[in-house]
Amino acid sequence: MVDAYLLHETSHAALQPWRAAAKVAKLCFDPTLNPLASTNYGRTLVATCELFERSTRRYDKPAFGLTSTCMAGERVPITERVVWEQPFCRVMAFERALPPGVNPQPKLLVVAPMSGHHATLLRGTVDAFLPTHQVFITDWVDARQVPLAAGRFDLDDYIDYLIAVFEALGPNLHVVAVCQPSVPVLAAVARMEAENHPLVPRSITLIGGPIDTRRSPTAVNRLAQERGIEWFRRHCIAKVPPRYPGFGRDVYPGFLQLTGFMSMNLDRHVTAHWDMFKHLVQGDGDSAEKHREFYDEYLAVMDLTAEFYLQTVDTVFVKHMLPKGEMTHRGKAVDLRAIRRCAIMAVEGEKDDISGVGQTLAALDLTPNLPSDKKAYHLKTVAGHYGVFNGSRFRGEIVSRIAAFIRAHDQATRRPARAAGSERKRSAPNAIGGHPNGARLRARAQPAQLAPALG
């Protein structure tokens, strides 16, 4: 696998002159310079060059790019700020200049998947909650960018990070976990509940998460069962090649994860690129731009630490340790029966081909000591995996249901309104500066992450 990663890097470098030639060809057919640009021949050549260049380039992590939102009928600016940081993750706050008279709004942490794509894949998720919530998001760091000196990062570290973030963001926190993090978020809450932690989140919403993959198993789930953990160790792990800060680190490469995602719906991706080609030839710039925006995000991927990936595959997809009551964290049992205070909502998509129907619902069945009035479930018909956390169906129905669930279990909204203004004063302190777990995390400096097509 080391050779495969090196081969990938070498092939990318070898194509650099051809990508440059394609860009030059596009420039030569600029409409302001070449009259042939308006002909069918010119548009076809330009479309061919663009598709070649886009199909062979490396896509960098996109920006969130959220600059404003609408509150109380007024458009207010947004500023991004890092409020917590460790080697493998940082937490971003989206601070709004609140209009006068706006009541306190719930604090919401969106836990992004650590499964290949960047947290910016949830841009639409964050944007949908900004008018009604003070939003934070976990921004996981590409493992190939983390030096070996920073240490390891496995599933235990992932849970440590979550607990530390919950503590740093303070009381009356609500959490939304999208797909992969559903398991570690539920485990973190169970451990905090078992220790009667005062800062356990008031609610967690699990969206399309693999809590129990024995229910309605998908192709992803069956692959893990059929192959076993040793197959993944032999075929999916590589060392980060030179030129990256994480040189020598064992990782699950992002390009392999992307290959898995693409192969699941290859015909759809081929059709999308062919449609873009036709849009470019026909001069349909708006449709072509929508294609560019989607694939600029979708094709930007990150590496995961090998220990996190393998431990997650083994724990969640092969051995089903959480629903069996066999999962541990730092040698202590993760007992979901300990959850008594933190409300739980499960959201699933009827057409989800990654986390089948019933897998997330299992969280409600596995928490018998949580009162029924602290549980909620929503099955969105027609929606697929991405449709339950992004897009029109998510904005049109799911967001309002989650917001209502959060309001019902939010203590802060029942207190007298505080003076409105910038949220900067209420933001959490930087983790390195000193939340309760800061010293422990600095001492351990370990990471965490995920598995094949788990996101």
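Two strands count as paired here if DSSP finds at least two bridges between them. Keep that in mind as you open this predicted model, because the tour starts at the edge of a sheet and works across it.

**Stop 1: the whole chain**

Begin with everything shown as a cartoon. The protein has 17 helices and 14 strands. Colour by accessibility next: of its 455 residues, 55% count as buried. If you draw a contact map, look far from the diagonal, since residues 24 or more positions apart account for 80% of the contacts with a separation of 6 or more.

**Stop 2: two hairpins**

Select β1 (68-71) and β2 (residues 74-86). These two strands pair in the antiparallel sense over four bridges, and one place to see this is T69, whose bridge partner in β2 is V76. Together β1 and β2 make a hairpin with two residues between them. In its turn, A72 has a positive phi of about 50°.

Now add β3 (residues 89-96). β2 and β3 are antiparallel too, joined by eight bridges; R81 stands opposite A93 in β3. This is again a hairpin with two residues between the strands.

**Stop 3: the full sheet**

Extend the selection to nine strands, which form an open sheet of mixed pairing in the order β1-β2-β3-β5-β4-β6-β7-β13-β14. Its edge strands are β1 and β14 (375-380), each pairing on one side only. From one strand to the next, the twist averages 25°.

Zoom in on the β14 end. There β13 (residues 343-349) and β14 run parallel, with six bridges between them, and E348 has L379 in β14 as its bridge partner.

Then show helix α6 (residues 182-194), which packs on the sheet and touches β4 (107-111), β6 (173-178), β7 (203-207) and β13. The direction of α6 makes about 160° with that of β7.

**Stop 4: strand β7**

Hide the helix and keep β6 and β7. Five bridges join this parallel pair, and V175 stands opposite I204 in β7. Which way do the side chains of β7 point? S203, T205 and I207 point one way, and I204 and L206 the other. In a regular strand the side chains alternate between the two faces of the sheet. Five of the five residues of β7 are buried, so the strand is largely enclosed by the rest of the structure.

**Stop 5: helices α7 and α8**

Select α7 (residues 219-227) and show V220, N221 and A224, which are buried. Look down the axis of α7: these buried residues fall within an arc of 100°, so they line one face of the helix. An α-helix has 3.6 residues a turn, so residues three or four places apart point the same way. After α7 comes G228, with a positive phi near 80°.

Continue to α8 (residues 229-236), where the buried residues are I229, F232 and C236. Seen down the axis of α8, they fall within an arc of 65°, so they also line one face of their helix.

While you are here, show two arginines. R227 lies over the face of W231, 4.7 Å from the ring centre. Further along, the charged end of R243 sits over the ring of Y244, at 4.7 Å from its centre.

**Stop 6: the aromatic rings**

Finish by showing Phe, Tyr and Trp side chains. How many aromatic pairs are there? The count comes to 14. Go to F64 and F94 for one of them: the ring centres are 5.3 Å apart and the planes are at 80°, so the pair is edge-to-face. Here the cut-off matters, as planes over 60 degrees apart count as edge-to-face. F64 lies in the loop between α3 (40-56) and β1, while F94 belongs to strand β3, so the pair ties together parts that are 30 residues apart in sequence. Are these two residues buried or exposed? Both F64 and F94 are buried.

Next, select F153 and Y161, an edge-to-face pair with 5.0 Å from centre to centre and 65° between the planes. F153 is buried at a relative accessible area of 0%, and Y161 counts as buried at 2%.

Now widen the view around F153 and Y161. They belong to one aromatic cluster, which W84, F88, W140, Y158 and F308 complete. W84 brings you back to β2 (residues 74-86), where the tour passed earlier.

How values were computed. Residues are numbered from 1 along each chain as its sequence is written. This is a predicted model: local features need pLDDT of at least 70, side-chain atom pairs count only at pLDDT 80 or more; totals for chains, interfaces and linings use all residues. Side-chain values use heavy atoms; hydrogens and water are left out. Rings of Phe, Tyr and Trp (its six-membered ring) pair if their centres lie within 6.5 Å; planes under 30 degrees apart count as stacked, over 60 as edge-to-face and the rest as tilted. Buried means under 20% relative accessible area, exposed over 50%, partly exposed in between (1.4 Å probe, protein chains only). A charge sits over a ring if NZ of Lys or CZ of Arg is within 6 Å of the ring centre and within 35 degrees of the ring normal. Axes are lines fitted to C-alpha atoms, for helices over the stretch in contact, and angles run from 0 to 180 degrees between N-to-C directions. Contact means heavy atoms within 4.5 Å. The arc is that of the directions from the helix axis to the C-beta atoms.
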